[in-house]
Amino acid sequence: DCSSLKSITIPNNVTTIGRSAFSNCSSLASLSIGNSVTSIGDDAFDGCSSLTSVNMGNSVSSIGDYAFNGCSSLTSITIPNSVTSIGLYAFRNCSALLSVVIGSSVANLGIFAFGECRNLQDIYCYAQDVPNADSTTWIYSNNNNACLHVLCESLNAYQTDDVFSCFTHIQCIESEVVATEDVVITPSTNDVTITWPIESSAERY
């Protein structure tokens, strides 16, 4: 019985979160997944209706079917760049979800993956190539009002894609280029001097 469990930290020596490992832990509010975890199993956190915070480690490559289905208190989720596939119904009916960040490596989105996320406002997708998805991936997810943000070089591809064109509002993410060499921080008695090399192509520091 995990009904009184409120927070979970998956340590760095764990590589896999198994099927239904923490499903229906109704009081679970906070989840931190260590950097050694590579896969989140089917139904792993299904029905964790109090979950509000998820910190996903940077080695996760796959999110299983129904993994976060029905996490109705979750307001935002960031899918790290390591993830390549998001299973079917993975975030279905996350009814409080407002913001989704999808990392650059996501190639496959399952059916109903974000279905019935009725309050979605912003989706930031950093995948240069349009992920494979189904017509139901975003169904009933406020498509007429939510804004899909994509890389500028991929804007046309998303606008003309059979699935992602369901979004009425699609716009490009402004790129930010910073200096590639190390920043030098020099402390003194009363202040700190920060010095970095000039980068001719930088748009913003």
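**Note on the predicted model**

1. The protein has 1 helix and 15 strands as its secondary structure. The model is a predicted one, and the points below should be read with that in mind. Of the 205 residues in the protein, 38% are buried. About 10300 Å² of the protein is exposed, and 45% of this area comes from carbon and sulfur atoms. Among contacts in the protein with a separation of 6 or more, 34% are between residues 24 or more positions apart.

2. An open sheet is formed by 5 strands, in the order E7-E9-E11-E12-E13, with parallel pairing. Its edge strands are E7 (76-79) and E13 (169-173), each of which pairs on one side only. On average, neighbouring strands of this sheet are turned by 15 degrees against each other, direction ignored.

3. Within that sheet, strand E12 (residues 147-151) runs parallel to E13 and is joined to E13 by 5 bridges. In this pairing Leu-148 of E12 stands opposite Ile-170 in E13.

4. A further parallel pairing is that of E1 (residues 7-10) with strand E3 (residues 30-33), over 4 bridges. Here Ser-7 stands opposite Ser-30 in E3. In a regular strand, side chains alternate between the two faces of the sheet. E1 follows this alternation: Ile-8 and Ile-10 point to one face and are buried, whereas Ser-7 and Thr-9 point to the other face and are not buried.

5. The largest nonpolar core has 49 residues, and the members that touch the most other members are Ile-40, Ile-63, Phe-68 and Ile-86. At least two residues of this core come from each of E1, E3, E7, E9 (99-102), E11 (122-125) and E12.

6. What does Ile-63 touch, leaving aside residues up to four places away in sequence? The list is Ile-40, Met-56, Phe-68, Ile-79, Val-83, Ser-85, Ile-86, Gly-87, Ala-90 and Phe-91. Ile-40, Phe-68 and Ile-86, which appear in that list, are also named with Ile-63 among the core members that touch the most others.

7. The structure holds 1 disulfide, which joins Cys-2 to Cys-25 with an S to S distance of 2.1 Å. The link is left-handed, with -105 degrees about the S-S bond. Cys-2 lies in the segment before E1, and Cys-25 lies in the loop between strand E2 (16-17) and E3, so the disulfide ties together parts that are 23 residues apart in sequence.

8. Are the two cysteines of this pair buried or partly exposed? Cys-2 counts as partly exposed because its relative accessibility is 22%, and the cut-off for buried is under 20%. Cys-25, at 0% relative accessibility, counts as buried.

9. Cys-94 takes part in no disulfide: the nearest cysteine sulfur belongs to Cys-117 and is 5.0 Å away, while a disulfide requires sulfur atoms within 2.5 Å. Cys-94 is buried, with a relative accessible area of 0%. Cys-125 is likewise buried, with a relative accessible area of 1%.

Note on methods
Residues are numbered from 1 along each chain as its sequence is written. This is a predicted model: local features need pLDDT of at least 70, side-chain atom pairs count only at pLDDT 80 or more; totals for chains, interfaces and linings use all residues. Side-chain values use heavy atoms; hydrogens and water are left out. Buried means under 20% relative accessible area, exposed over 50%, partly exposed in between (1.4 Å probe, protein chains only). Two strands pair if DSSP finds at least two bridges between them. Contact means heavy atoms within 4.5 Å. Accessible areas come from the Shrake-Rupley method with a 1.4 Å probe; for residues, only the protein chains shown count as cover. Axes are lines fitted to C-alpha atoms, for helices over the stretch in contact, and angles run from 0 to 180 degrees between N-to-C directions. A nonpolar core is a set of buried Ala, Val, Leu, Ile, Met, Phe, Trp, Tyr and Cys residues joined through side-chain atoms within 4.5 Å.
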